[in-house]
Amino acid sequence: MLFDHIAECLANFMDKLQIKDKKLPLGFTFSFPCLQTKLDEDFDIDIVAVVNDTVGTMMTCGYDDQNCEIGLIVGTGSNACYMEEMRHIDMVEGDEGRMCINMEWGAFGDDGALDDIRTEFDQEIDMGSLNPGKQLFEKMISGMYMGELVRLILVKMAKEELLFGGKLSPELLATGHFETKDVSDIEGEKDGIRKAREILVRLGLDPTQEDCVATHRVCQIVSTRSASLCAATLAAVLRRIKENKGEERLRSTIGVDGSVYKKHPHFAKRLHKTVRRLVPDCDIRFLRSEDGSGKGAAMVTAVAYRLADQHRARQKTLEPLKLSREQLLEVKRRMKVEMERGLSKETHTIAPVKMLPTYVCATPDGTEKGDFLALDLGGTNFRVLLVRVRNGKRRGVEMHNKIYSIPREVMHGTGDELFDHIVHCIADFLEYMGMKGVSLPLGFTFSFPCQQNSLDESILLKWTKGFKASGCEGEDVVTLLKEAIHRREEFDLDVVAVVNDTVGTMMTCGYEDPHCEVGLIVGTGSNACYMEEMRNVELVEGEEGRMCVNMEWGAFGDNGCLDDFRTEFDAAVDELSLNPGKQRFEKMISGMYLGEIVRNILIDFTKHGLLFRGRISERLKTRGIFETKFLSQIESDCLALLQVRAILHHLGLESTCDDSIIVKEVCTVVARRAAQLCGAGMAAVVDKIRENRGLDTLKVTVGVDGTLYKLHPHFAKVMHETVKDLAPKCDVSFLESEDGSGKGAALITAVACRIREAGQR
């Protein structure tokens with residue numbers, strides 16, 4: 001009946017305003033302890049928010065002061081709300097951001113916690129109330145009970161002949177005859193004593209001047225206690241917010257409503273003074289709410305509508321980055337098509353996925369031994385290694401290495417300058433190891449797209465990863481290295497093998513696990529290799545056995561076959577890269593580009609007012625600021641939102657908690673897509689191996705290396721799940737490579753030396 005009546009009133013109101021035919025969002029202030037309730041009537045109303053009057057008060061004041069994070073009501077009843085960290089709210093899932101908590105603090109003390117400060121008068125009020133034992137704190141501080149407390153004290157004092165000459169009147173003995181309004185009137189600045197006389201006479205008493213002064217004092221004591229108790233609990237809330245934020249000094253605003261706070265002549269002043277005395281390390285502003293419960297409900301509704309609109313806009317932008325299982329299966333299918341085109345002699349020249357023969361046809365068998373040098377060039381750092389391979393009982397690999405940086409001007413200079421720098425680093429390493437002048441077999445990990453004509457001849461097809469040294473593309477990198485060694489005239493080296501880091505990774509893991517027939521790198525760049533049947537490698541003569549094929553899968557999609565999966569953000573990153581139109585798959589999945597995709601999305605959100613309050617900082621406009629390591633840190637499960645904000649602050653991006661949640665979501669979507677695309681590509685590879693061999697099921701191990709795979713908190717898990725889902729007939733294990741690019745080159749060299757020696761014998 002109650003809700004039918006409410007619905008009828010609402011219908012009449014809408015009729016009066018001639019808006020009954022419109023669908024309007026509605027905020028419902030329901031000021032009682034409750035779970036959410038829904039109205040469902042025959043006119044169209046979209047109930048967006050059911051709020052408590054305290055929350056409404058906070059929201060109303062929050063419209064005028066963005067520091068407002070506490071709501072307080074002291075009127076007929078009393079309650080408070082405040083913004084709590086989500087990580088502390090066990091009843092709600094999620095630990096990001098903050099949520100307003102409706103304290104229902106009127107029930108403070110219902111468990112006996114306040115028994116030592118409750119008086120006989122508090123107990124008497126409680127016993128005569130409609131809800132004995134409930135809302136005990138509210139009964140000590142709110143307007144509904146303040147006048148009654150004064151009445152009970154006056155009755156006791158009269159009985160003890162301390163007032164009114166020991167006389168009582170029927171009116172004074174009647175519950176509810178001394179109102180809270182009377183307390184306010186008696187404590188008024190002017191004529192408080194005269195007002196006390198009027199009220200006491202109305203109650204059938206004949207007060208003396210002393211009776212009026214004493215009544216004034218009783219009113220003062222009761223209202224001061226109310227303000228002090230209210231201040232003490234507010235101080236506890238402020239202290240909690242301060243600790244949550246980890247700030248030395250808290251600056252906060254409290255939105256306040258209620259007849260006692262607004263109409264009592266001294267309540268507000270006493271409350272403010274006591275709060276400031278209890279929390280001296282907080283700068284507190286009290287802001288009176290104008291119609292908090294009504295306007296506030298509308299504000300909550302308006303905010304909910306705005307947030308919902310913004311959320312929809314963000315999801316619409318992110319939607320193309322969220323791939324369905326059907327889309328991933330299609331990526332897998334297209335990868336298999338491109339693999340076939342790369343292997344075929346007929347289509348190889350126009351195929352983007354080059355499927356390059358590596359001339360690596362055998363994996364370690366455990367009999368390899370000797371000392372080998374390895375060079376590892378695959379990014380801005382370059383390593384020289386000495387690798388000692390032992391067989392027999394002491395089988396194992398011992399390594400010594402030194403890292404050298406490659407200056408940007410050398411990366412973008414001439415080929416001679418680059419290879420002279422490499423040889424200078426080798427000479428320094430040999431001297432460092434006390435091996436100056438020693439000639440050793442050398443394996444060269446060269447992690448760029450190459451046309452391999454034999455194990456020790458590799459033609460650079462194109463530079464990637466930011467390298468642009470002139471005079472190298474189309475040349476044999478072994479010849480370039482040997483020429484630089486001869487120019488130095490200090491030592492000679494036997495360059496036995498040029499390998500890709502992906503192949504090196506496969507070989508390193510193959511030393512540990514004989515099932516390892518696939519190599520994968522997901523780091524700065526991305527690539528894969530696997531053992532293909534010789535009969536399918538049409539670029540090399542021979543039908544027997546297998547050969548490792550370097551896929552160069554980063555170029556998957558360079559012919560437009562992935563255009564329907566690429567987004568405007570992928571296009572923007574590609575356009576401003578060093579090699580527009582090239583390595584498109586790599587730009588969707590590798591560490592060098594994920595941060596840039598995220599940055600472009602954040603700029604788009606900010607332009608549309610969906611992030612950073614619509615303000616694009618100069619820092620956000622800077623290419624390359626969003627390094628992939630920040631993606632890994634931001635997505636870390638153990639990272640609190642405060643730390644995410646600290647990372648964004650370090651990047652020069654001032655953010656709110658909500659901004660941090662959005663940034664984290666963008667990072668998650670971009671990294672998840674990368675892992676899924678990588679998994680779809682890998683599913684195509686393992687399924688091809690299975691089909692090549694005519695097997696119902698295949699057990700295979702993938703050797704993996706790369707910072708994105710190893711350091712990102714979720715990348716590996718998502719990729720594994722995707723491979724399992726898209727290639728269900730393959731039992732795929734993943735083995736992390738320990739230094740595949742260096743150790744792998746040495747192992748390939750060791751295998752080549754073993755085979756060469758066997759041939760000589």
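**Exercise 1. A buried residue with an unusual backbone angle**

Task: Decide whether glutamine 135 is buried or exposed in this predicted model, then place it in the chain and describe its phi.

Solution:
- Glutamine 135 has a relative accessible area of 18%. Buried means under 20%, so glutamine 135 is buried.
- Next comes its position: glutamine 135 sits in the loop between α3 and α4 (136–141).
- Finally, look at the backbone. The phi of glutamine 135 is near 55°, which is a positive value in a residue other than glycine.

**Exercise 2. Another positive phi**

Task: Find out where glutamate 104 lies, what its phi is near, and how its accessibility is classed.

Solution:
- Start with the chain: glutamate 104 belongs to the loop between β5 (98–102) and α3 (120–127).
- Its phi is near 50°, again a positive value in a residue other than glycine.
- For accessibility, partly exposed covers the range between under 20% and over 50%. Glutamate 104 has 22% relative accessibility, so it counts as partly exposed.

**Exercise 3. The buried face of α3**

Task: List the buried residues of α3 and work out how they are arranged around the helix.

Solution:
- The buried residues of α3 are Phe121, Asp122, Ile125 and Asp126.
- Now look down the axis of α3: these buried residues fall within an arc of 140°, so they line one face of the helix.
- What covers them? The cover over the buried residues of α3 includes α4, α5 (143–159) and α9 (209–245).

**Exercise 4. Following α5 to its end**

Task: Compare the reach of α5 with the expected value, judge how enclosed the helix is, and see what follows it.

Solution:
- Count and span first: α5 has 17 residues and reaches 25 Å from its first C-alpha to its last. That is close to the 24 Å expected at 1.5 Å a residue.
- Then burial: 13 of the 17 residues of α5 are buried, so the helix is largely enclosed by the rest of the structure.
- Just after α5, glutamate 161 takes a positive phi of about 60°.
- A salt bridge joins lysine 156 and glutamate 160, with their closest N and O atoms 3.7 Å apart.
- Lysine 156 is partly exposed, having a relative accessible area of 28%. Glutamate 160 also counts as partly exposed, at 46% relative accessibility.

**Exercise 5. Salt bridges across the chain**

Task: The structure holds 58 salt bridges. Examine the pairs glutamate 517 with arginine 546 and aspartate 574 with lysine 587, and say which parts of the chain each one links.

Solution:
- A general point to begin with: side chains of opposite charge can pair when their charged atoms come close.
- In the pair of glutamate 517 and arginine 546, the closest N and O atoms are 3.7 Å apart.
- Glutamate 517 lies in strand β16 (residues 516–522) and arginine 546 in strand β18 (residues 546–550), so this pair ties together parts that are 29 residues apart in sequence.
- Glutamate 517 is buried, with a relative accessible area of 12%, whereas arginine 546 counts as partly exposed at 34%.
- Aspartate 574 and lysine 587 meet through their side chains in a salt bridge of 2.7 Å, N to O.
- That pair links distant parts of the chain, with aspartate 574 in helix α18 (residues 568–575) and lysine 587 in helix α19 (residues 584–589), 13 residues apart.
- Both aspartate 574 and lysine 587 are buried.
- To finish, find the network: salt bridges link Lys332, Lys336, Asp687, Arg690 and Glu691.

**Exercise 6. Two loop residues**

Task: Classify serine 289 and lysine 369 as buried or exposed, and list what each one touches beyond its sequence neighbours.

Solution:
- Serine 289 is in the loop between β7 (282–288) and α12 (292–318). Its relative accessible area is 0%, so serine 289 is buried.
- Not counting residues up to four places away in sequence, serine 289 touches Thr57, Thr60, Cys61, Val256, Asp257 and Lys262.
- Lysine 369 is in the loop between β8 (356–357) and β9 (370–377). With a relative accessible area of 60%, lysine 369 is exposed.
- Leaving aside neighbours within four places in sequence, lysine 369 is in contact with Val389 and Asn391.
- Also look further along the chain: the C-alpha atoms of lysine 369 and valine 751 are separated by 9.0 Å, although these residues are 382 residues apart along the chain.

Conventions: Residues numbered from 1 in each chain as written. Predicted model: local features only at pLDDT ≥ 70, side-chain atom pairs only at ≥ 80, totals over all residues. Heavy atoms only, no water. Helix = DSSP H or I, 4+ residues; strand = E, 2+ residues; numbered from the N terminus. Buried < 20%, exposed > 50% of the residue type's maximum accessible area, 1.4 Å probe, protein only. Arc of directions from axis to C-beta. Contact = heavy atoms within 4.5 Å. Expected span 1.5 Å × (residues − 1). Salt bridge = Lys/Arg side-chain N within 4 Å of Asp/Glu carboxyl O.
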